[in-house]
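Trainee: I should like to learn how the features of a protein model are read. May we go through one together?

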Amino acid sequence: MNVICAKNYEDMSRKAANIISAQIIMKPDCVLGLATGSSPLSAYATLIDWYQKGDLDFSKVSSVNLDEYRGLSPENEQSYHYFMQKHLFDHINIRPDHTYIPDGMEPDAKKACKKHNDIIKKLGGIDLQLLGLGLNGHIGFNEPGIAFEKETHCVDLTESTIAANSRFFSSMEEVPTQAYTMGIKSIMMAKKILMIVSGEKKADIVAKAFLGPVTPAVPASILQMHPDVTLVADEAALSAYL
Ligand code: F6R
């Protein structure tokens with residue numbers, strides 16, 4: 001595994017954006033696997049900046065996202081569709097019909113997951129998968145205990161996730177209780193993986209994931225078995241690893 005130590009969140013983000021842009025420059029029609037959350041925000045802003053300066057061209061790029069809440073429409077501000085439009089897609093020249101996010105509005109979970117798996121296969125697989133790391137070691141919505149063999153599947157959200165999300169909705173009925181997520185198998189099939197981690201809060205889980213045993217109890221630990229992983233993390237996140 002290639003570990004790149006960054007000074008702070010901004011430095012981590014610029015280094016990650018460099019790796020993503022190198023991928024696009026080397027293979028203009030590449031397939032990027034994308035994530036939501038706070039970790040990639042500044043990396044996305046940097047890619048937008050470089051696109052606006054004329055240094056990057058997304059016209060041939062395709063993207064597939066890790067996950068989406070079941071039941072949320074793209075117009076819902078809490079959906080990952082909305083996040084991706086707002087923080088990346090609306091500001092670059094990626095073709096809308098080349099961006100793929102699990103369809104949260106498809107009520108048939110089997111159909112929604114098969115559709116996402118088929119898209120990844122039809123695109124020829126993911127060239128570079130960007131990942132954040134959950135405090136408990138989750139990647140995508142693959143929480144501790146998940147089976148490593150799964151491709152895109154439907155998961156029940158934990159009570160604590162549902163409770164934490166409830167503040168964003170006007171009533172409890174609107175809060176999603178399930179999500180569609182690429183599974184560990186889908187993630188492991190990506191040709192290259194780029195994980196970004198920032199902050200002292202994640203120091204323990206970084207050490208567990210990359211120095212501890214490979215176990216479903218820490219889903220990210222499976223990345224130790226992937227042949228091409230780059231971890232870009234800031235000094236705080238690497239403080240228990242180095
Ligand atoms: C996001 C995702 C999640 C996040 C993880 C870290 O699409 O699948 O696994 O990457 O929860 O979130 P942040 O970056 O907000 O700390």
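**Reading helices, sheets and a ligand shell**

Mentor: Let us begin with two helices. In this predicted model, helix 1 (residues 9-26) packs with helix 2 (residues 41-52) at an angle of about 55°, and their axes are 8 Å apart.

Trainee: How is helix 1 described relative to helix 2, given that angle?

Mentor: The angle makes helix 1 oblique to helix 2. In addition, the crossing of helix 1 and helix 2 is right-handed.

Trainee: Which residues of helix 1 and helix 2 meet?

Mentor: From helix 1 come Tyr-9, Glu-10, Ser-13, Arg-14, Ala-16, Ala-17, Ile-20 and Ser-21, and they meet Ser-42, Ala-43, Thr-46, Leu-47 and Trp-50 of helix 2. Sorted by class, this contact has 7 nonpolar, 4 polar and 2 charged residues.

Trainee: I should now like to turn to sheets. How do the strands of a sheet pair?

Mentor: They pair through backbone hydrogen bonds, in either a parallel or an antiparallel manner. Here, an open sheet of 7 strands shows parallel pairing, in the order 1-10-9-6-2-3-5.

Trainee: Which strands stand at the edges of that sheet?

Mentor: Strand 1 (2-6) and strand 5 (99-100) do; each has a single partner strand, so one side of each is left without a neighbour in the sheet. Within the sheet, strand 9 (residues 192-197) and strand 10 (residues 229-234) pair in the parallel sense over 5 bridges. Met-195 stands opposite Leu-231 in strand 10.

Trainee: What is the order of the strands in the open sheet of 3 strands?

Mentor: The order is 4-8-7, and the pairing is antiparallel. Strand 4 and strand 7 are the edge strands, each pairing on one side only. On average, neighbouring strands of this sheet are turned by 25° against each other, direction ignored.

Trainee: How many bridges join strand 7 to strand 8, and how many join strand 4 to strand 8?

Mentor: Strand 7 (residues 153-156) is joined to strand 8 by 4 bridges, and the bridge partner of Cys-154 in strand 8 is Tyr-180. Strand 4 (residues 67-69) pairs with strand 8 (residues 178-181) over 3 bridges, in the antiparallel sense. There, Tyr-69 stands opposite Ala-179 in strand 8.

Trainee: Finally, which residues are the closest to the ligand?

Mentor: Of the 13 residues that surround the ligand, the closest are Thr-36, Gly-37, Ser-38, Ser-39 and Gly-132. By class, the shell around the ligand has 4 nonpolar, 8 polar and 1 charged residues.

Technical notes: Residues numbered from 1 in each chain as written. Predicted model: local features only at pLDDT ≥ 70, side-chain atom pairs only at ≥ 80, totals over all residues. Near = placed C-beta within 6 Å. Nonpolar A, V, L, I, M, F, W, Y, C, P; charged D, E, K, R; others polar. Axes fitted to C-alpha atoms, helices over the stretch in contact; angles between N-to-C directions. Parallel < 35°, antiparallel > 145°, perpendicular 65-115°, else oblique. Left-handed = near helix turned anticlockwise from the far one by under 90°. Contact = placed C-beta atoms within 7 Å. Pairing = 2+ DSSP bridges.
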